[in-house]
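Let's look at how the terms we use for a fold earn their place. Here is the structure to keep in view while we talk.

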Amino acid sequence: MKQPFNPTYPKLYFYRRIVQAKLFIDQHYTENIELRGIAGEAFYSKFHFIRKFKEVYQRTPHQYLSSLRIEQAMKLLAGGMSVAEVCAAVGFEELSSFSRLFKHRTGVNPSVYQSQQQTLQKRIAEAPLTLVPHCFAYQYGVVEKEQFQTNGI
Amino acid sequence: MTHMNIFVLDQDRALDFYTNKLGLKVIIDVPMNKDARWLTVGTLEQPGFEINLTPVHKSILHSEDTAETLRNLISKGTFGVGIFTCTDIMATYEELKAKGVEFIKPPTKEFYGTEALFKDDSGNWFSLAQLTPVNA
């Protein structure tokens with residue numbers, strides 16, 4: 001019988017500290033958290049922590065924090081909050097750096113993304129079945145067999 | 001492949017599991033009727049691939065008996081659905097455990113890498129793997 005992969009205690013302790021630090025970022029990303037605080041959460045010095053975090057997650061804590069904030073911003077923008085409000089709500093201090101990072105991550109400006117999402121939400125509300133594959137909708141009796149067939153799917 | 005179905009027992013509960021525990025993002029959520037919605041999740045890192053969280057109800061494809069049988073089989077952990085790969089399995093394992101994900105096998109060395117097995121909230125099980133490159 002195969003034995004579970006059982007890292008030595010210091011190694012396991014290392015993983016748990018890094019994971020706890022990541023979860024700390026997940027919980028406090030809207031706050032003005034400083035790297036020193038996150039490193040302290042993992043009981044590492046700042047530079048040692050950056051190196052260890054990157055070893056595990058292939059990005060620095062700052063890069064991870066930024067991507068998390070952008071992902072949360074996408075949700076808030078889709079919910080209708082203004083760009084300036086979203087910028088502050090996810091922990092950015094400057095609108096320009098928020099917009100630049102947002103575009104880098106998603107390919108569009110926050111306002112364009114919001115407009116795209118509003119168009120999508122309108123379509124979901126007004127014509128939901130134009131977004132659902134008819135083979136799926138047919139299973140649940142939402143479209144008729146004829147509609148399923150004539151759409152050629 | 002662009003879409004795959006995962007049969008789930010409760011779409012709201014599955015949505016919570018796949019987003020808040022596994023960390024996937026909602027791609028689209030379209031209500032259809034009281035029994036079902038077109039609900040897909042995915043990751044920003046793998047655009048173009050969506051997991052459709054499909055509820056098991058009586059439908060044109062399933063009689064009530066079949067749906068009930070399928071629900072029982074899912075909750076018993078009959079179906080292994082797929083493989084999630086990660087870059088550091090110990091970190092991912094520790095994180096998912098901290099979030100309450102149930103593992104049925106801890107990270108174990110295999111010839112293809114290190115693998116753990118976990119269940120979703122319905123009972124479907126998945127491999128979580130850190131694969132060894134073929135040429136390594």
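Q: What pattern does chain A follow along the sequence, and what makes a stretch count as a helix there?
A: Read along the sequence, chain A goes α-α-α-α-α-α-α-α-α. Helices are DSSP runs of H or I with at least four residues, strands are runs of E with at least two, and both are numbered from the N terminus. By that rule chain A has nine helices and zero strands.

Q: What sort of model is this, and how are its parts labelled?
A: It is a predicted model, in which local features need pLDDT of at least 70 and side-chain atom pairs count only at pLDDT 80 or more, while totals for chains, interfaces and linings use all residues. Residues are numbered from 1 along each chain as its sequence is written, chains are lettered from A and ligands numbered from 1 in the order in which they are written, and side-chain values use heavy atoms, with hydrogens and water left out.

Q: Why is strand β4 of chain B called mostly covered?
A: Buried means under 20% relative accessible area, exposed over 50%, and partly exposed in between (1.4 Å probe, protein chains only). Six of the six residues of β4(B), 50–55, are buried. In a regular strand the side chains alternate between the two faces of the sheet. Here both faces are covered, with B:E50, B:N52 and B:T54 buried on one side and B:I51, B:L53 and B:P55 buried on the other. For chain A, buried residues make up 41% of its 153 residues.

Q: How do you know that β4(B) pairs with β1(B) and with β3(B)?
A: Two strands pair if DSSP finds at least two bridges between them. β1(B), residues 3–8, runs parallel to β4(B) and is joined to it by six bridges, with B:V8 partnered by B:P55. β3(B), residues 37–42, runs antiparallel to β4(B) with two bridges, and B:T40 stands opposite B:N52. Both pairs therefore satisfy the rule.

Q: What makes the pairing in the sheet β1-β4-β3-β2 of chain B mixed, and which strands are its edges?
A: The sheet is open and has four strands. Its edge strands are β1(B) and β2(B), 25–31, each pairing on one side only. Neighbouring strands are turned by 25° against each other on average, direction ignored. As for the mixture, β1(B) and β4(B) run parallel, whereas β2(B) and β3(B) pair in the antiparallel sense over six bridges.

Q: What does helix α1 of chain B touch, and how is its direction compared with that of β3(B)?
A: Contact means heavy atoms within 4.5 Å. Helix α1(B), residues 11–21, packs on the sheet and touches β1, β2, β3 and β4 of chain B. Axes are lines fitted to C-alpha atoms, for helices over the stretch in contact, and angles run from 0 to 180 degrees between N-to-C directions. On that scale, α1(B) makes about 10° with β3(B).

Q: Why are β5 and β6 of chain B said to stand at the edges?
A: The open sheet β5-β8-β7-β6 of chain B has four strands with mixed pairing. β5(B), 80–85, and β6(B), 102–110, each have a single partner strand, so one side of each is left without a neighbour in the sheet. The twist averages 20° from one strand to the next.

Q: How many bridges join β7(B) to β8(B), and in which sense do these strands run?
A: Seven bridges join β7(B), residues 113–119, to β8(B), residues 125–131, and the two run antiparallel. Within β8(B), B:A129 is the bridge partner of B:E115.
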